[in-house]
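The exercises below are meant to be worked with the sequence and the model side by side. Try each task before reading its solution.

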Amino acid sequence: MTAQHTRDASVTDRGLLSSKAYGSGQHLAARQSLYAWQTPRHDLPGMVVDELAGVGGRVADVGCGNGKFVQRLREKRRDLTVIPMDVSQGILGDIPGAVVADAQQLPIDGESLGAVLALHMLYHVEDRSRAVRELARVLAPDGIAIVSTNSLTDKRELENLWRQAAGDVLGIPEGPARVQLSARFTLEDAPAMLGAFFTEVRTIPLPGVIAVTDAEPVVAHLASYAAWADQMGVPFRETLDRARERISETIRTEGAFRIHCLGGLLVCRGPHPAST
């Protein structure tokens with residue numbers, strides 16, 4: 001097995017996802033918090049609420065994580081029955097009505113949902129086509145699926161920072177790349193994969209720039225990948241410390257450490273009959 005295949009396996013390993021990666025909401029919250037420094041700010045839960053304006057009945061949030069989107073939907077759309085679902089019991093915590101479930105085999109009847117969400121989670125699924133087929137299967141013919149992920153170009157500055165810090169620790173010009181979760185399901189690849197199961201796929205790009213004047217939010221983001229530390233090929237804590245020093249130096253000399261982001265929502269309609 002190659003190093004890349006090992007990394008792919010670790011990104012989809014259910015045991016690891018349910019324990020070290022998402023056994024609680026800590027690491028996910030660290031990644032989410034970095035966006036507080038982004039301009040423009042994109043209110044993703046608000047955007048999802050807006051996209052579901054014409055939807056009624058039941059809505060499943062598959063891979064709901066710490067329930068950020070579930071909470072907003074329940075606040076703004078009390079008429080909907082929102083079903084939180086995740087593979088990790090730990091991260092679900094005390095979210096009311098939560099169900100432990102695998103996206104590749106949803107415990108939901110076919111054509112029974114007004115909408116289904118799969119937000120920043122399909123890259124964690126081993127068989128992504130099977131999972132997307134499931135999203136299409138559970139939707140009513142006029143239902144809507146909302147998916148999100150990141151671009152191949154998203155946060156390149158973080159990848160460069162990690163390689164440079166790792167190289168410093170190892171005493172070489174540039175160290176190995178870190179595990180990149182969304183590389184398995186990118187904004188560039190998603191329309192074709194989703195289009196195999198839906199007649200309409202609309203992409204909403206969400207560009208922005210994160211500019212921090214304190215190293216800690218970036219370090220916390222990098223540290224949230226601790227579950228994959230063994231696949232990084234570098235002393236993890238030492239690399240984090242060196243990254244902190246590099247970020248702080250950039251802030252001193254340039255006023256801020258900047259990260260260019262590109263994520264997106266994909267709004268899918270018209271599940272193909274063959275999918276259901």
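**Exercise 1. Place serine 148 in the fold and describe its surroundings.**

Serine 148 belongs to strand E6, which spans residues 139–150; helices (H or I, at least four residues) and strands (E, at least two) are DSSP runs, numbered from the N terminus. The model is predicted, so local features need pLDDT of at least 70 and side-chain atom pairs count only at pLDDT 80 or more, whereas totals for chains, interfaces and linings use all residues. Residues are numbered from 1 along each chain as its sequence is written, and side-chain values use heavy atoms, with hydrogens and water left out.

Next, consider accessibility: serine 148 counts as buried because its relative accessibility is 1%, where buried means under 20% relative accessible area, exposed over 50% and partly exposed in between (1.4 Å probe, protein chains only).

Then list the neighbours. Beyond four places in sequence, serine 148 is in contact (heavy atoms within 4.5 Å) with Ala118, Leu119, His120, Gly264 and Leu265.

Finally, the side chain of serine 148 makes a polar contact of 2.7 Å with the side chain of histidine 120. A polar contact is a pair of N or O atoms within 3.5 Å; within protein, one must be able to donate a hydrogen and the other to accept it, and residues adjacent in sequence count only if both atoms are side-chain atoms.

**Exercise 2. Which strands stand at the edges of the sheet?**

Begin with the order of the open, eight-stranded sheet, which is E1-E7-E8-E6-E5-E2-E3-E4 with mixed pairing; two strands pair if DSSP finds at least two bridges between them. Strand E1 (38–39) and strand E4 (99–100) each have a single partner strand, so they stand at the edges with one side lacking a neighbour in the sheet.

Within the sheet, strand E7 (residues 198–212) and strand E8 (residues 257–271) pair in the antiparallel sense over 14 bridges, and alanine 211 stands opposite arginine 258 in E8.

**Exercise 3. How many residues of helix H4 are buried, and what covers them?**

Six of the eight residues of H4 are buried, and the helix is thus mostly covered. The buried residues are Leu44, Pro45, Gly46, Val48, Val49 and Glu51, and their cover includes H5, E5, E6, E7 and E8.
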